[in-house]
Amino acid sequence: MLKKVEEHEEKNSVVSPVSINAVLNMVAAGSKGATLDHFFALLGSKTVKEINSESAKMMAVAADVGLNSANKGTEDNDDIGPVLAMVNGAWFDRRFPLKPSYDEKILKGIFNCEAKTVHFATQAEQVREEINAWAEAASRGLIKDFLKPGSPESGAALVLINGLYFKGNWDCEYKFDLDLTEKRDFYLLNGDTVSVPFMTSYRASHYCESFDGFNFQDERDGLPDLLKKHISNPGKYFNLSPVELDKFWIPKFKFSYGFNVLKAMQDMGTPLSFLTDPEDLSDMMHVPEDVDVFEPKMIQKAFIEIDEKGTEAAAITEFEDLMGFSMYYKPKRLISFVADHPFVFMLKEAKSGLDFFTGAVLDPSQSD
């Protein structure tokens, strides 16, 4: 998804690759035929069992972090450990009854999801309100009015949704000092500057990574090259290592970002145009014989806020199907990390290596 970030050079962006993968896995697990073969290529899997195993791992990571945070305190406690919650939802039209095997094994067994039967033709607005309420709850109020009027469409056969929420306070060793926050210049890609609040700390040591050729103090236009290098060699960059810093400044930022996932995938050369045969989803639901049109839609909206206290982020990803008839460590060295120009960020779970959120800050003064 960093390709999407790279192409959006005029606006801050944040996406959740994990949330997108979760929804794609839900669809793939109920697919067969040529559609399933294409999913194997897209997801890098060889069997449905392998896809389901990856889904179970994602759900387990979220459950494990949630359990650890529950043992440490409440969300209102400053000493709380990180909160990571992943939930899923499913709405099936009564014209396309859910297959019991998919319901029990996939939705309930892996995604902890209770599917609902609705009639989109007569209840589309009611379902939209219900999904929006679900999304707002899943995001802890960070994402409101997720679906706009007219979605889901009256001809929808199913809607699958993933909701992801993260909240984490800085560890005591890395907390920012509120009294040290000050306005500083942030250099935009077009050469202009904006004055925004920057955070720092009396503490000198923070987790950060020094990239060859990317000195945060002088290469103010280095973001596009960094993104290109990561996209061409995704396994090489963004590994964290402890570095003792001479200076450390990072801007506060808060924004949301929404986009058409299928269009983004098509622009990146990985389209879902193979989703054409309704029969290929017959392991998921009953498909009437006279159904011959299959038109998928997929959107995501994400939110992130980083301040002196910590980080809060959320993402909601929806798949809608319309059917019709006919770690490595470097030696310590004193450097500075001054994020006063466009930069990439990631929220990455250390043990699993999953990138739950990734994005870019082009202008921290934007707060959409």
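A salt bridge is taken here as a side-chain nitrogen of Lys or Arg within 4 Å of a carboxyl oxygen of Asp or Glu. In this predicted model, the side chains of Glu125 and Arg128 satisfy that criterion, with an N to O distance of 2.8 Å. Both residues belong to helix 6 (residues 120-138), and because they are three residues apart, about one helical turn separates them. The two partners sit in contrasting surroundings: Glu125 is partly exposed, with a relative accessible area of 39%, whereas Arg128 is buried at 13%.

In total, the structure holds 11 salt bridges. Another of them joins Asp103 to Lys108, whose closest N and O atoms lie 3.7 Å apart. Here the acidic partner is the buried one, since Asp103 has a relative accessible area of 15%, under the 20% limit for burial. Lys108, in turn, counts as partly exposed at 30% relative accessibility. This pair does not stand alone, as Asp103, Glu104 and Lys108 are linked in a network of salt bridges.

Attention turns next to a hairpin, which is built from strand 5 and strand 6 with five residues between them. Within the turn, Gly191 adopts a positive phi of about 100 degrees. Strand 5 (residues 182-187) runs antiparallel to strand 6 (residues 193-199), and six bridges join the two. Across the hairpin, Lys183 stands opposite Pro197 of strand 6. A salt bridge is also found between Glu182 and Arg184, with 3.4 Å between the closest N and O atoms. Glu182 is partly exposed, having a relative accessible area of 37%, and Arg184 is likewise partly exposed, at 27%. In a regular strand, side chains alternate between the two faces of the sheet.

A further element of interest is an open sheet of three strands, arranged in the order 1-14-13 with antiparallel pairing. Strand 1 (13-15) and strand 13 (343-348) each have a single partner strand and stand at the edges, so one side of each is left without a neighbour in the sheet. From one strand to the next, the twist averages 10 degrees. Strand 13 and strand 14 (residues 355-361) are connected by six bridges, and Lys348 has Asp355 of strand 14 as its bridge partner. Helix 2 (residues 17-28) lies across strand 1 and strand 14, and its direction makes an angle of about 130 degrees with strand 14.

Technical notes:
Residues numbered from 1 in each chain as written. Predicted model: local features only at pLDDT ≥ 70, side-chain atom pairs only at ≥ 80, totals over all residues. Heavy atoms only, no water. Pairing = 2+ DSSP bridges. Helix = DSSP H or I, 4+ residues; strand = E, 2+ residues; numbered from the N terminus. Axes fitted to C-alpha atoms, helices over the stretch in contact; angles between N-to-C directions. Contact = heavy atoms within 4.5 Å. Buried < 20%, exposed > 50% of the residue type's maximum accessible area, 1.4 Å probe, protein only.
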